[in-house]
Amino acid sequence: MIDRIALILVIIGAVNWGSIGLFQFDIVSWIFGGQGAVVSRIIYTLVALGGIWCISLLFRENEVLTAKSGGNSDKDNN
């Protein structure tokens, strides 16, 4: 559950950074009243925390694939 929330936050951040890079337009600050607005700063902080959490995804084994294969790797099947 936390992984999905973190991924959603990272996607929001990626779309926002893409709009800044391509169009010089900050969607979050536009929606919530500027970069200094409290709500904007909360969103930026949540996106940053989501990004930090997603770093852990790089170092974890995929539980879904492990569960479906019954714990066997491709090496066992060859």
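**Notebook: helices and loops**

Helices here are DSSP runs (H or I) of at least four residues, numbered from the N terminus. With that settled, I looked up Asp26, and I find it in the loop between α1 (2-23) and α2 (27-32). I note up front that this is a predicted model.

**Overall layout**

I looked at the fold next. I get five helices and zero strands in the protein. Reading from the N terminus on, I write the order down as α-α-α-α-α. The protein has 78 residues, and 17% of them count as buried. I also looked up the exposed surface: it comes to about 6,300 Å², with carbon and sulfur atoms supplying 68% of it. For contacts with a separation of 6 or more, I find that 41% are between residues 24 or more positions apart.

**Asp26, back in the α1-α2 loop**

What charged partner does Asp26 have, if it is buried? None by salt bridge: I find the nearest side chain of opposite charge, Arg41, 12 Å away. A salt bridge needs a side-chain nitrogen of Lys or Arg within 4 Å of a carboxyl oxygen, so Arg41 at 12 Å does not make one with Asp26. What I do find is a polar contact of 3.1 Å between the side chains of Asp26 and Asn16. Skipping neighbours within four places in sequence, I list Asn16, Ile20, Gln35 and Tyr44 as contacts of Asp26.

**Gln24, in that loop too**

I put Gln24 in the loop between α1 and α2 as well. Its phi caught my eye: about 55°, positive, although Gln24 is not a glycine. My reminder to self is that most residues other than glycine have a negative phi. Buried or exposed, I wondered about Gln24? Exposed, with a relative accessible area of 76%.

**Val28, in helix α2**

I moved on to Val28, which is found in helix α2. Val28 has 7% relative accessibility and buried means under 20%, so I log Val28 as buried. Which residues does Val28 touch, once neighbours within four places in sequence are set aside? I get Asn16, Ser40, Ile43 and Tyr44. I checked the Asn16 spacing too: Val28 and Asn16 are 12 residues apart in sequence and 6.8 Å apart in space, C-alpha to C-alpha. Asn16 and Tyr44 appear in my contact list for Val28 and also in the one for Asp26.

**The aromatic pair**

I searched the whole structure for aromatic pairs and found one. The rings are those of Phe25 and Trp30, with centres 5.5 Å apart and planes at 55°, so I call the pair tilted. The cut-off for edge-to-face is over 60 degrees, and stacked would be under 30. I looked up how open the two residues are: Phe25 is partly exposed at 34% relative accessible area, while Trp30 counts as exposed at 58%.

**The salt bridge**

How many salt bridges does the structure hold? I count one. It joins the side chains of Asp3 and Arg60, at 2.9 Å from N to O. The pair links distant parts of the chain, 57 residues apart: I have Asp3 in helix α1 and Arg60 in the loop between α3 (38-55) and α4 (63-68). I checked accessibility for both ends. Asp3 is partly exposed, with a relative accessible area of 27%. Arg60 counts as partly exposed too, at 32%.

Conventions:
Residues numbered from 1 in each chain as written. Predicted model: local features only at pLDDT ≥ 70, side-chain atom pairs only at ≥ 80, totals over all residues. Heavy atoms only, no water. Phe/Tyr/Trp six-rings, centres within 6.5 Å; stacked < 30°, edge-to-face > 60°. Buried < 20%, exposed > 50% of the residue type's maximum accessible area, 1.4 Å probe, protein only. Helix = DSSP H or I, 4+ residues; strand = E, 2+ residues; numbered from the N terminus. Lys, Arg positive; Asp, Glu negative; His and termini not counted. Polar contact = N/O pair within 3.5 Å; in protein donor to acceptor, adjacent residues only side chain to side chain. Contact = heavy atoms within 4.5 Å. Areas by Shrake-Rupley, 256 points an atom, 1.4 Å probe, with all protein chains shown as cover.
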